[in-house]
Amino acid sequence: MPGYKLTYFDLKARVEPTRVLFAAAGIPFDDVRVSNEEFAKMKESKSVALVTESDLFQYEGFKLGILS
């Protein structure tokens, strides 16, 4: 299991460069893509760190929000 986990909406947007960099560098990572409905459930259950920013990056279980 990779140590990196990237969670974002299932679209090419702000997090796409991160996906491309990981792929180009050959670094394995979990690419978790969520729908709007799934994100709403995550937001309600407070399982997402940032409710105004939907990108979420984890390394070895530590959650880090990606800020602009």
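The chain has two helices and four strands, and the model shown here is a predicted one. Going along the sequence, these elements come in the order β-α-β-α-β-β. Of the 68 residues in the chain, 28% are buried. Long-range contacts turn up often: if one takes the contacts with a separation of 6 or more, 55% of them are between residues 24 or more positions apart.

A good place to start is the opening β-α-β stretch. Strand β1, covering residues 4-9, pairs with strand β2, covering residues 29-34, and the two run in the parallel sense over six bridges. To get from β1 to β2 the chain passes through α1, and the resulting β-α-β crossover is right-handed. Two of the pairings help to place the strands against each other. Tyrosine 4 sits opposite phenylalanine 29 of β2, while phenylalanine 9 has valine 34, also in β2, as its bridge partner.

Next comes the helix in the middle of that crossover. Helix α1 takes up residues 16-25, and its buried residues are Glu16, Arg19 and Phe22. Looking down the axis of α1, these buried residues fall within an arc of 130 degrees, so they line one face of the helix. Over on the other side of α1, the exposed residues Leu21, Ala24 and Ala25 are found. Just after the helix there is glycine 26, which has a positive phi, near 70 degrees.

One of the buried residues of α1 deserves a second look. Glutamate 16 belongs to helix α1, and its relative accessible area is 18%; because the cut-off for buried is under 20%, glutamate 16 counts as buried. Its side chain also has a partner, since a polar contact of 3.0 Å links the side chains of glutamate 16 and arginine 19. Both of these residues are on the list of buried residues in α1.

What about the nonpolar side chains? In soluble globular proteins, such side chains tend to be buried together. In this model, the largest nonpolar core is made up of 10 residues, namely Leu6, Tyr8, Phe9, Val15, Phe22, Phe29, Val34, Phe39, Met42 and Phe57. The elements that supply two or more residues to this core are β1, β2 and α2, the last of these spanning residues 36-44. The top contributor is β1, which gives three residues. Some names here are already familiar: Phe22 is one of the buried residues of α1, and the paired residues phenylalanine 9 and valine 34 both appear in the core.

The start of helix α2 rounds off the picture with some exposed residues. Asparagine 36 is part of helix α2 and, at 56% relative accessibility, is exposed. From its C-alpha to that of aspartate 10 is 8.9 Å in space, although asparagine 36 and aspartate 10 are 26 residues apart in sequence. Glutamate 37 is in helix α2 too. With a relative accessible area of 55%, glutamate 37 is exposed. The side chain of glutamate 37 nevertheless has a polar contact, at 3.3 Å, with the side chain of serine 35.

How values were computed:
Residues numbered from 1 in each chain as written. Predicted model: local features only at pLDDT ≥ 70, side-chain atom pairs only at ≥ 80, totals over all residues. Heavy atoms only, no water. Buried < 20%, exposed > 50% of the residue type's maximum accessible area, 1.4 Å probe, protein only. Arc of directions from axis to C-beta. Pairing = 2+ DSSP bridges. Right-handed = clockwise from strand over helix to strand, strands pointing away. Core = buried A, V, L, I, M, F, W, Y, C linked by side-chain atoms within 4.5 Å. Polar contact = N/O pair within 3.5 Å; in protein donor to acceptor, adjacent residues only side chain to side chain. Contact = heavy atoms within 4.5 Å.
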